[in-house]
Amino acid sequence: MSAHADSLAAAQTVEGYNFAYLDEQTKRMIRRSLLKAVAIPGYQVPFASREMPLPYGWGTGGIQVTASILGACDTLKVIDQGADDTTNAVNIRAFFARTAGVATTTRTEEASVIQTRHRIPETPLTDQQILVYQVPIPEPLRWLEPRERETRMLHALGEYGLMQVSLYEDIAQHGRIAKTYNYPVQVSGGYIMAPSPIPKFDNPKLHRNPALQLFGAGREKRIYAVPPYTDVRSLDFDDYPFDVEHWDTACALCGATDSYLDEIVTDDAGGRRYVCSDSDYCDRRRQAGDTGAAR
Amino acid sequence: MDADTPAAASEETMPRTADPGRLMIDVRGLSKTFTLHHQGGVRLAVLDATDLQVAGGECVVLRGPSGAGKSSLLRCLYGNYLAQSGTIQVRGADGWVDVASAPARRILELRRTHLGYVSQFLRAIPRVPAEQVVAQPAIDAGTPGDQALERARTALARLNIPENLWHLPPATFSGGEQQRVNVARAFARDFPILLLDEPTASLDAANRDVVVELVNAARDRGAAIVGIFHDSAVRAAVATRILDLPGKAEAA
Amino acid sequence: MSAHAARGADHPILSVRHLSKRFGRVQAVDDVSFDLFPGEVLGIVGESGSGKTTLLRAVAGQEAPDTGAVLYRDRWGGLVDLHALPEGRRRRLHRTDLGLVQQNPRDGLRMGVSAGANVGERLMALGHRHYGTIRQSAHDWLARVEVDPARLDDPPAQLSGGMQQRLQIARNLVSEPRLVFMDEPTGGLDVSVQARLLDLLRGLVGELGLAVVLVTHDLGVARLLAHRLMVMQAGRVVETGLTDQVLDDPQAAYSQLLVSSILPV
């Protein structure tokens, strides 16, 4: 993260760009917002989001945060829906390899910075790691209250009955809280926060996570954070407690029963199987000799 | 007139039967004028320096030609018309209330606890059944709902309202039936003071006799009554005193 | 005559003092003061443009007055100026002690969520976290305002205008407020629907002992609901008194015009 390290690495990157693409002024501005976000867990800090060489919705917020915290010695991992090998993940990884010359990896425990879209890795994170989320809509109250001025007021006053109303409505209409991703949480007993569209399966991992968690929303120009070891509670009702997804099957490739499974259609006859969404986790288990059920 | 000690405690939830002989109404120098702003500011003086004292056990009948201010006097007593000058002292739960100057909520409380009023027309409330209309004054005074309804039904039966009408809103009733509901409402509770504006006007002989009985029973239990009765026979049957209100107002 | 003075009900729940509000060149509300006592229904009547709605909005804390104070006496007897309160406390008061029934139910309802959620919202805002209990309250309140509880999960848009208005009333009363502001509550409804709603309101106001400030141009509504009337003209109070006295024996020239320009009520 230091300017000294930046200049060392600069020689190995594509010419004509500053280290990690963004100019130093912009990075400083974003770092100031990040510091404020860490100081006020869950609070959405406005920042002057820049145009990036990819469209909004493709992770411009996450990329700006990553660019601002990346140092030459960092090792970067990028995942999209848990996978390292999807187009979006590959592109962003390549982007930083070219503009910052940083080492990249697909292995969770090797990374010092992990940029993610829609998942938290299955492998537990450490206090030496930073997780950067790409966020499309940072405002958890937006669904019920379209006015920005009003949602800000509600956050300021801690008036969160409205959020509870949306959960009530879920149970009334579906018999249970039907939100399965971007499930709202309360950070450190204070602000209510959208955890980005991660599956609610990952919500427990937000709670008291040793890693620093940073959230960037490029189009909406907001940054927020969950500092290490911070309480993060998923909202619920006393008689409809928060619960995560369960599968009555194991990963078809590695046999894991503790990971988030994607459903994959395998043929035109409607055959399907379930495999880990976290590709690194699945690979590592298979390398260690675990196999899926005989299917 | 404030010499009487005020009632020791507020017992407004109890239907109090007034004491015979105790002064209940004390009107002094009452003047009532209507100013018709939109008819050239015409001023109609209907009452001028009128005095009236009524004690418990008395039935004072107002007499005079049409336009002499009989109804206006009753309405002033009830607080429905605003007096231009004078005092209208009425004894309430906590002592005298000057209806001419008391705040609205004081007058409403006085009406609730002390003043039974039979107007010439029933102002029906949509959807409310007759028995509920009749029971309301007792309920307002704190009588349990079923007891109040029981008394209401007794009063309706006494006034010959057919039982199959009790559950219906009186808005659909005939004029005579509506008037009897109106009377029942004032007599289903033992108000210490009754103001009766032609309660027998549209009634047949049998029902008129019932009303006379009711008025006399109220008077005998010590109620202070002020009434207007067109029928001289009814007047003679109920009045303990006549107050003449001449067309040109003068002190009675 | 002043034996009442010692009693609790003799402290007004609401004291409006010298309230004024100007819009450009129009003095919408001009130095209005009044007291409202617990359990009392005050009707504010006048024609369009008389300032009655602006007065209500200022008294209900929706619109800041230019000058004057709106003093509310809370459950513990303390006086608070609604317009001087910090935003957070003011809003909390509006979720607990105060209610606002608007003429157009769409302004007072959350149209995107079910009837039950509309009723339950105040409870959830107050920290209720038991779904079953919240739902039961919503169910009971729908029944109480005579909306079929089977409609609990329907969005307000699927309810008739009269039912929407009942829903708005339930949504306000669920937190057991002490003071409710009503702006033409029967305004946009058919006559027969109006009558039923009035009857319901009359019953609820009596049962719950609510203090109400009611704005209406309909003197029939005022006659049925209000204990006391305040007649407004051009931003000023021209007459105030017992409802039936103001309607049957209006004193001010304007009140006489207002009363005579309508059918008997």
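Reader: Which residue forms a salt bridge with E150(A), and how far apart are the closest N and O atoms?

Author: A salt bridge is a side-chain nitrogen of Lys or Arg within 4 Å of a carboxyl oxygen of Asp or Glu. Here R91(C) pairs with E150(A), with the closest N and O atoms 3.0 Å apart. The count between chain A and chain C is three salt bridges. This is a predicted model: local features need pLDDT of at least 70, side-chain atom pairs count only at pLDDT 80 or more, and totals for chains, interfaces and linings use all residues. Residues are numbered from 1 along each chain as its sequence is written, chains are lettered from A and ligands numbered from 1 in the order written, and side-chain values use heavy atoms, without hydrogens and water.

Reader: Which elements of chain A give two or more residues to the side that touches chain C?

Author: Helices are DSSP runs (H or I, at least four residues), numbered from the N terminus. On chain A they are α5 (148-157) and α6 (161-174). The largest share, nine residues, comes from α6(A).

Reader: How many residues does the contact take from each chain?

Author: Contact means heavy atoms within 4.5 Å. Chain A gives 22 residues and chain C gives 19 residues.

Reader: What area is buried between chain A and chain C?

Author: The size of an interface is often given as the accessible area lost when the parts come together. Buried area uses a 1.4 Å probe and is summed over both parts. Between chain A and chain C it is about 1,800 Å². Carbon and sulfur atoms give 60% of that area.

How values were computed. Buried area is the accessible area (1.4 Å probe) that two parts lose on being put together, summed over both.
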